[in-house]
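Here is a short report on a protein model. Please look at the sequence and the structure first, then read on.

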Amino acid sequence: MKHKKIISIVALLSGCAGYWYLFSEPAPTPVQAVVPNQDSQIATHQPSVVKPMTSKQVTVKETVPETVSERFSLLAKAYAQELSLPAYSVPLGIDDVHLLNPNRYVPQPVMLEGGASASIVMPKYRFSFPEPVTVTLEVNGLSISGVSASINSETDASAPVLTEDEMTGQNGLWTVQLDATEEWDGPMSVNVTFSAKGKKQTLTTGIEYSYPAATITGVGEVRAEGSDMLIPLKLTVEKAGYYRVRANLYTTNQQPVALLTASEKLSEGEVKMELKAYKGVLPKQDGEFTLGSFVLERRPAVPGELTRYGRSNESSYELGGFTVEQLSDEPWQPDEQEMQRLEFLQKMANE
C-alpha cells in the first residue's frame, strides 16, 4: 500500500508538470556552437545486491504530503498572477533580454587544446531570403590557418554543401559573407573549418533560413476599444495559413512597455491583424509609442510541417501619440477554461 501511494504521488506530480507545460510558452533555447565527432562517455552502474528486509506494518495517510501540496500552492499562485493580465499583452522590462531581442544569436565558446577557445558569431539567428549570412570566427590563444565557412541543410543530411567560401582575417577574427541561393530553405547548418597545429577542426552551429511566408508592410491608425489600445498591422501574405505575430511596444525613448501577441488564420493577399495593449500594462500618462522586434510565424498545419517565418519591411514603426486615459478601467476577466485550470491547482494545494 505504501508503494502504491508513492507511485500515485509521483504520477500526480508528473501529470501536473505535463499539464503546466502544455499551457506555458517555452523559453527560447540558446544557439550553441559545438565541435562534432567528439565521443561522449556514458557511465554504467551494476546493480548492487540488497538483502531482503523484515516486513513491517505501515500506516498510510490518505492525504497528499505537505511538500507536494506546497508545490501545487506555488503553481497556483504563479498562475493566478499570470491570469491577472491577458496573455496577449504581457508587461516587458529591461531585464527581459530574450524578449527584447528575440532574434539574437548567442555565441557559445568552444574550449580547444592548451586553453584556447573559438566561437562562431553571427548578427542574428533567423534570416529571410535573399539576405546574406555573415559568419565570423573568434579565436583566442591559438594561431590558425586555412579558415573556411560552409552552409548546408540540416533536414537533408545527404544533400551536398550549398555554399562554401574562404574566410579572411587576422588577430583572431575571421569573417566572410555568404550569399544566399534558392536552395537555402529551412534549418541550416553553418560549419567553420580551420587548421591548427597540423590538425583540421570544425565548429558547427545552426540557423533558420526561409522564404518569407508573409511581410509586415506597415501599421494603421491606433484606436481605443474598451480597456485595450488597438494597433492594426498591415501584411502581405504569400502563403495562407494560421499565423502568430509577436511585437514589442516601446515608448518613444525606447523604454519597453509590453510584449503583444495575436494569432489568426490569414488568406493570401493584403490583410490586417490587430495587436492589443491592455491598459494595465501601459504607462499612467499619455505619450507616444513605437512598435518593433517583430516575430511573424506561419504555424504548421499538419504534423511534420515546418514553421515558416515572415519579416517586416521596417524594424520598427512609429505609432504616434495615444491618450491612455480614454481606455476603460474594467478588470481583465480570464475565460472559463483558464479558471478551471486555476481551480484544479488550488484544489491540489488544499487551498
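## Salt bridges

Glu 131 is partly exposed, with a relative accessible area of 27%. Its side chain meets that of Lys 124 in a salt bridge, at 2.7 Å from N to O. Lys 124 is partly exposed too, because its relative accessibility is 22% and the buried class ends under 20%. This model is predicted. It holds eight salt bridges.

Another bridge joins Glu 274 and Arg 223, whose closest N and O atoms are 2.8 Å apart. Glu 274 sits in strand 17 and Arg 223 in strand 13 (residues 223-225), so the bridge ties together parts 51 residues apart in sequence. Glu 274 has a relative accessible area of 36% and is partly exposed. Arg 223 is partly exposed as well, with a value of 36%.

Lys 199 and Glu 113 form a salt bridge through their side chains, at 3.5 Å from N to O. This pair links distant parts of the chain, 86 residues apart. Lys 199 belongs to strand 11 (residues 199-210), while Glu 113 is in the loop between strand 2 and strand 3 (117-121). Is Glu 113 buried or exposed? Glu 113 is exposed, because its relative accessible area is 55% and the exposed class starts over 50%. Lys 199, at 48%, counts as partly exposed. A network of salt bridges also links Arg 244, Arg 246 and Glu 297.

## Confidence and overall make-up

The mean pLDDT of the protein is 79. Residues with a pLDDT of 70 or more make up 71% of the protein. Where does pLDDT stay under 50? It does so over residues 1-62. For that stretch the model has 48 contacts beyond four places in sequence.

The protein has 351 residues, and 38% of them are buried. Its secondary structure comprises four helices and 21 strands. Take the contacts with a sequence separation of 6 or more: 68% of them join residues 24 or more positions apart. The exposed surface is about 21300 Å², and carbon and sulfur atoms supply 51% of it.

## A five-stranded sheet

One open sheet has five strands in the order 2-3-5-9-8, with antiparallel pairing. Its edges are strand 2 (110-111) and strand 8, each of which pairs on one side only. Strand 8 pairs with strand 9 (residues 173-178) in the antiparallel sense, over three bridges. Gly 169 stands opposite Trp 174 of strand 9.

Two residues of this sheet give a closer view. Val 139 lies in strand 5 (residues 133-140). Val 139 counts as buried, because its relative accessibility is 7%. Beyond four places in sequence, Val 139 touches Ser 117, Ala 118, Ile 144 and Gly 172. Ala 116 is 23 residues away from Val 139 in sequence, yet their C-alpha atoms are 7.5 Å apart.

Gln 170 is found in strand 8 (residues 168-170). Is Gln 170 buried or exposed? At 59% relative accessibility, Gln 170 is exposed. Gln 170 and Ser 143 are separated by 27 residues in sequence and by 9.7 Å between C-alpha atoms.

## Nonpolar cores

Which members of the largest nonpolar core touch the most other members? They are Met 229, Leu 249, Leu 282 and Leu 291, out of 34 residues in this core. Several strands each supply at least two residues of the core. They are strand 12 (214-219), strand 14 (228-237), strand 15 (241-251), strand 16 (256-266), strand 17 (269-278), strand 18 (287-298) and strand 21 (316-322). Apart from this core lies another, of 30 residues. Its members include Val 110, Ala 116, Val 135 and Leu 203.

Leu 249 shows how the largest core is joined up. Beyond four places in sequence, its contacts include Ile 231, Ala 277, Phe 289 and Leu 319. Leu 282 and Leu 291 are also in contact with Leu 249. So are Gln 255, Pro 256, Val 257, Ala 258 and Leu 260, along with Thr 290.

Key:
Residues are numbered from 1 along each chain as its sequence is written. This is a predicted model: local features need pLDDT of at least 70, side-chain atom pairs count only at pLDDT 80 or more; totals for chains, interfaces and linings use all residues. Side-chain values use heavy atoms; hydrogens and water are left out. Buried means under 20% relative accessible area, exposed over 50%, partly exposed in between (1.4 Å probe, protein chains only). Contact means heavy atoms within 4.5 Å. pLDDT is the predictor's confidence in each residue, from 0 to 100. Accessible areas come from the Shrake-Rupley method with a 1.4 Å probe; for residues, only the protein chains shown count as cover. Two strands pair if DSSP finds at least two bridges between them. A nonpolar core is a set of buried Ala, Val, Leu, Ile, Met, Phe, Trp, Tyr and Cys residues joined through side-chain atoms within 4.5 Å. A salt bridge is a side-chain nitrogen of Lys or Arg within 4 Å of a carboxyl oxygen of Asp or Glu.
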